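Here are my notes for someone opening this one for the first time. Have a look around, then read the points below in order.

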Amino acid sequence: MKVFDWLGRITSVIGVTIFSGMFLMMLYIVFARYILGITTDWAEELVRYLVIWTGCWVAWLCIRDESHPSFELFLTWLSSGMQRWFQIVISLIGILFCAWFCYLSTFLVRRCYLHSSRSETLDWPMWIIYSFFTLGMVLLTIGYVERLIKFITAKPSTSAI
Amino acid sequence: LLILSFLMSVFEPQRKPALASPTTEKKIVLKAIHAYPVTHARQWVFETMNKMIGDATNGRVKIRIFGAGSLFSAREEIGALIDGSADISLTPTPYLIKYPATKPLNILMTIGSMPTLEALCEVEDLIMKEGWDEKWLNPLGIKSLGLLPYTNGGIVASSSPIRTLDDIRGKRLRWPVPGFTRDYWGALGCILVTVSAAEMVSAVQTGVIDGIITSLEAGVTTKSYQVAPYVMRIRGLATDAPVAFSMKTWKKLPKDVQVAFEGIMPKLIKMSRDRLREETKHFDETLHKESKEYMMWPEEIEKEAFRLWRPLWKKHAQLLKVPDEVFNKIMEINKKYK
Amino acid sequence: MAMIGFLIMVVFLVIGVPLFIVMGGGSSIVAIFSQGSPETLAPQIWFESLNSFILLAVPLFLLAGNMMTTGRMSRYLVEFVDSLIGHLPGGLGSVAVITAMLFAALSGSAPATSIATAAVLTKPMEEAGYPRKMILGMICAAGTIGILIPPSIAMIIYSTLVPNVGVPELFAAGIFPGIICGFIMMTVTGIISWRRGYGVHPPAAWKQRWQTFARAWPILLMPVIILGGIYGGIFTATEAAAVATAYALIINFVFYRQVDLRGTVRVFYLTVKQTGMLFMLLGSGMLLGKVFGLIGLPQAVVGYVGGFDVPPALLMFALIILYLILGMFMETTVMMLVTVPIIFPVLSVMGMDPVHFGVVMVVAVGAGLATPPIGLGLYVLAGAMDERLENIVSGIWPFFLVLVLSMIIFAYIPQISLYLPRLWLGG
Ligand code: NA
Ligand code: NA
């Protein structure tokens with residue numbers, strides 16, 4: 001599973017970098033308006049996209065440490081053998097859903113590309129901005145594939161969450 | 001979630017006929033979207049349209065209104081129409097700028113509306129007569145049924161008096177719409193800040209900004225005069241919106257329904273304009289009564305504004321790829337109302 | 001077909017599929033297969049509902065909170081509070097509530113408030129004779145204060161769900177309720193500890209008080225900067241979050257000279273991950289809310305409730321009960337995302353102030369954090385303190401009653417919530 005660890009590390013480095021950029025940009029906005037007295041509409045748009053990109057980009061890491069909230073009461077009633085089967089089913093649902101959503105979002109990217117729609121102030125192509133969402137869904141799918149492998153290969157006795 | 005899904009199942013049977021798709025059932029339900037409060041003229045336009053089209057088609061066509069951004073925000077409306085997620089919108093032209101094909105339509109936002117609401121109406125008539133709106137919107141997959149004015153002009157509401165050019169310079173003002181139209185007030189020396197409509201009034205109250213540039217309507221409905229009591233009526237911001245139909249939906253409509261829609265438009269446009277004139281009078285009176293100071297912008301500011309803005313109009317018209325022919329004709333109308 | 005979509009949601013939910021998939025998948029199925037919406041509808045709404053300047057405050061306040069409530073800073077704060085009031089009846093119990101209130105003013109999230117308080121106070125309180133289940137139960141309930149006293153992520157999310165309600169109004173509205181809730185909780189803690197005779201240490205010398213203050217004042221200044229900045233017109237609520245984080249970094253590096261780059265990066269990483277989790281939840285939840293609108297659920301509920309002609313006071317009570325029940329089974333953010341789009345139209349028809357309802361709502365979701373079987377506050381605290389869930393739950397009930405009592409007080413005396421917003425923001 002080295003590949004996944006490697007991907008995880010890259011994702012977190014990039015995620016933290018984008019997020020830090022967003023944070024600095026935010027400070028710049030306050031400074032620019034209050035001290036320099038200049039208009040910062042482009043920065044205001046940029047920070048919005050930066051933070052959504054961060055969210056989409058790193059969401060799959062939460063699969064790896066099981067921090068996406070879910071309703072766990074039912075699972076705790078089951079034996080650990082049954083739990084493992086349910087975890088496999090959940091991972092499969094995760095793969096299906098995220099892949100489906102990735103597919104759906106390509107329509108959005110495609111539409112923006114075809115009509116060459118641009119963002120409001122930065123005037124960036126919207127298809128690039130939206131493709132981070134597609135990318136996030138790809139990563140989430142990968143995350144659930146890793147989770148599936150983890151539960152399939154795990155010994156039944158150690159598979160409890 | 002259990003409770004909710006139960007509710008869903010209870011409500012489902014009643015909804016079924018109303019929600020069937022336009023092509024298969026006799027009854028046609030169209031989704032109309034706008035992102036303004038339900039007190040806004042836009043809601044009225046859709047309600048009126050619903051009534052008129054219902055009468056014209058013997059109740060066969062119904063319009064379901066999703067107001068207050070309950071389905072899409074203003075900047076997403078056009079995208080939703082292209083895809084067919086929604087059927088009709090009255091998207092303000094500044095939000096069209098995201099799509100290059102529609103850019104020339106913003107000419108109205110830039111120069112068409114400058115003198116008065118009446119000038120705007122005349123420009124709209126010209127554009128509709130020449131079919132320019134169709135020409136600019138069709139490549140996007142959007143059918144234009146005509147243009148409607150959607151605000152009754154703008155105001156600058158400030159926490160301190162604005163009477164001279166010097167009062168304006170360096171003021172931090174909230175600018176309402178995206179796009180380069182902010183250059184106009186930037187040219188006068190204001191610092192323009194993007195603040196969401198929800199935070200607009202509290203931002204003035206706390207002093208994050210000194211005032212707001214907004215529509216007459218928003219100035220009245222948000223009661224911004226309570227925190228920004230010095231109100232100056234300005235030329236401009238009397239902008240318009242195409243009555244935009246998703247081409248996907250339009251093509252599926254039976255021929256007679258299409259004709260019915262086209263048939264009600266002249267009357268709807270006239271009614272909206274009359275209503276807007278009435279509303280403008282009413283809003284003017286309200287602001288007169290409620291604000292500490294309410295005036296038309298002084299001549300000093302007007303002169304300087306037009307001096308600075310004229311070259312910008314030309315520049316922006318080129319940026320927007322507005323054909324020279326269109327630009328010149330609109331400038332003629334503009335001059336007439338000066 | 002909508003029925004099948006919601007059935008799938010329920011099945012997914014029960015077997016433990018992550019909530020963002022339950023909500024996102026369920027609503028996409030309903031939208032596409034039942035409403036015939038095009039493919040782009042779901043991803044577009046998901047992305048665009050996150051595309052808001054106000055929502056930026058969520059990760060930034062998380063970051064500021066994470067920074068202030070981990071490491072040495074939290075200990076300095078407790079030492080100061082303890083030296084001030086540790087000798088009074090109720091002793092450490094009161095110290096814990098006050099500490100939670102101070103953490104509440106630093107952090108925007110309830111679990112973060114609880115964990116920060118528990119991390120520094122569990123051990124000294126145990127040594128003073130408090131049973132562990134009471135400590136953790138109380139601290140878990142006190143987390144609610146964390147989302148009442150500004151900054152508050154729950155309020156930021158609420159403001160994006162309700163038209164024309166700004167974050168500054170909501171923040172101002174939460175201050176008195178947060179303080180009142182804290183004082184009721186302190187009274188209850190005080191009575192319990194006084195009757196059971198838990199240890200109280202002798203009053204600290206003024207010199208010691210001064211020493212602890214000299215160490216803690218930069219932390220105590222942070223809420224002043226946040227609120228002063230927002231209401232003094234220097235920055236918006238969103239920007240306040242960035243400034244708060246910068247401030248936390250500066251005092252950490254300059255004042256406390258804890259130049260721990262690795263630790264700082266770790267806090268960033270933790271926040272980034274929480275952001276990923278929250279944004280998936282928010283995007284899918286808002287999508288679900290809009291799909292509810294698409295199929296006409298809010299209008300149906302308005303018609304249904306309107307048909308009964310219930311007086312507003314009774315409706316409010318019914319809502320409190322509903323929220324307490326929902327709170328047992330739903331996660332905070334999800335509960336707001338799912339219910340506000342449906343319930344808000346009913347309330348606006350009845351003429352209820354959205355800011356006032358926001359406060360009641362926040363206490364309600366806060367109480368939901370502390371009730372089994374689904375209570376994020378419980379899980380997080382149990383995880384962090386390595387304690388069994390049942391033990392925390394068994395100690396929580398007196399404090400849960402405090403939350404219910406506060407909710408009723410705030411629901412029927414709107415002036416408590418509305419006084420400060422009116423004073424500071426007019427209207
Ligand atoms: Na807080
Ligand atoms: Na709960």
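Which residue of chain C forms a salt bridge with Asp65(A), and how far apart are the closest N and O atoms? Keep that in mind for the first point, and remember throughout that this is a predicted model.

1. The answer is Lys273(C): its salt bridge with Asp65(A) has the closest N and O atoms 2.3 Å apart. Between chain C and chain A the count is one salt bridge, so this pair deserves a moment on screen. There are also five residue pairs in polar contact between the two chains, with both residues at pLDDT 80 or more.

2. Next, which parts of chain C make up the side that touches chain A? The elements giving two or more residues are helix 1 (2-15), helix 2 (19-34), helix 3 (41-50), helix 4 (57-69), helix 12 (237-255) and helix 13 (261-294) of chain C. Helix 13 of chain C gives the most, with 12 residues. Sorted by class, this side of chain C holds 39 nonpolar, 15 polar and five charged residues.

3. Now the extent of that contact. Chain C brings 59 residues to it and chain A brings 56. About 5,100 Å² is buried between chain C and chain A, and carbon and sulfur atoms give 82% of that area. Ile15(C), Phe47(C) and Val272(C) are worth picking out: they supply 13% of the area that chain C buries against chain A, more than any other three residues.

4. Over to chain B. Its secondary structure comes to 14 helices and 11 strands. Of the 338 residues in chain B, 62% are buried. Among contacts in chain B with a separation of 6 or more, 75% are between residues 24 or more positions apart. The accessible surface of chain B is about 12,900 Å², with 55% belonging to carbon and sulfur atoms.

5. For a close-up in chain B, try Thr206(B), found in helix 9 (residues 197-206) of chain B. Is Thr206(B) buried or exposed? It counts as buried, because its relative accessibility is 9% and the cut-off for buried is under 20%. Its side chain reaches the backbone oxygen of Ala203(B) at 3.3 Å. Leaving aside residues up to four places away in sequence, Thr206(B) touches Ile230(C), Tyr231(C), Gly232(C), Gly233(C) and Leu425(C).

6. Back to charge pairs. Side chains of opposite charge can pair when their charged atoms come close. Over all chains, the structure holds 32 salt bridges. One of them joins the side chains of Glu66(A) and Lys150(A), at 3.9 Å from N to O. This pair links distant parts of the chain, 84 residues apart: Glu66(A) is in the loop between helix 3 (61-64) and helix 4 (73-76) of chain A, while Lys150(A) is in helix 6 (residues 126-153) of chain A. Glu66(A) is partly exposed at 33% relative accessible area, and Lys150(A) is partly exposed at 36%.

7. A few other salt bridges to click through. Asp123(A) forms one with Arg118(A), the closest N and O atoms being 3.5 Å apart; Asp123(A) is partly exposed at 37%, as is Arg118(A) at 29%. In chain C, the side chains of Arg132(C) and Glu126(C) meet at 3.5 Å, N to O. Arg132(C) is partly exposed at 24%, and Glu126(C) is partly exposed at 33%. Finally, in chain B, a network of salt bridges links Glu118(B), Lys270(B), Asp274(B) and Arg277(B).

Methods
Residues numbered from 1 in each chain as written. Chains lettered and ligands numbered in written order. Predicted model: local features only at pLDDT ≥ 70, side-chain atom pairs only at ≥ 80, totals over all residues. Heavy atoms only, no water. Helix = DSSP H or I, 4+ residues; strand = E, 2+ residues; numbered from the N terminus. Buried < 20%, exposed > 50% of the residue type's maximum accessible area, 1.4 Å probe, protein only. Contact = heavy atoms within 4.5 Å. Areas by Shrake-Rupley, 256 points an atom, 1.4 Å probe, with all protein chains shown as cover. Buried area = accessible area lost by both parts, 1.4 Å probe. Salt bridge = Lys/Arg side-chain N within 4 Å of Asp/Glu carboxyl O. Polar contact = N/O pair within 3.5 Å; in protein donor to acceptor, adjacent residues only side chain to side chain. Nonpolar A, V, L, I, M, F, W, Y, C, P; charged D, E, K, R; others polar.
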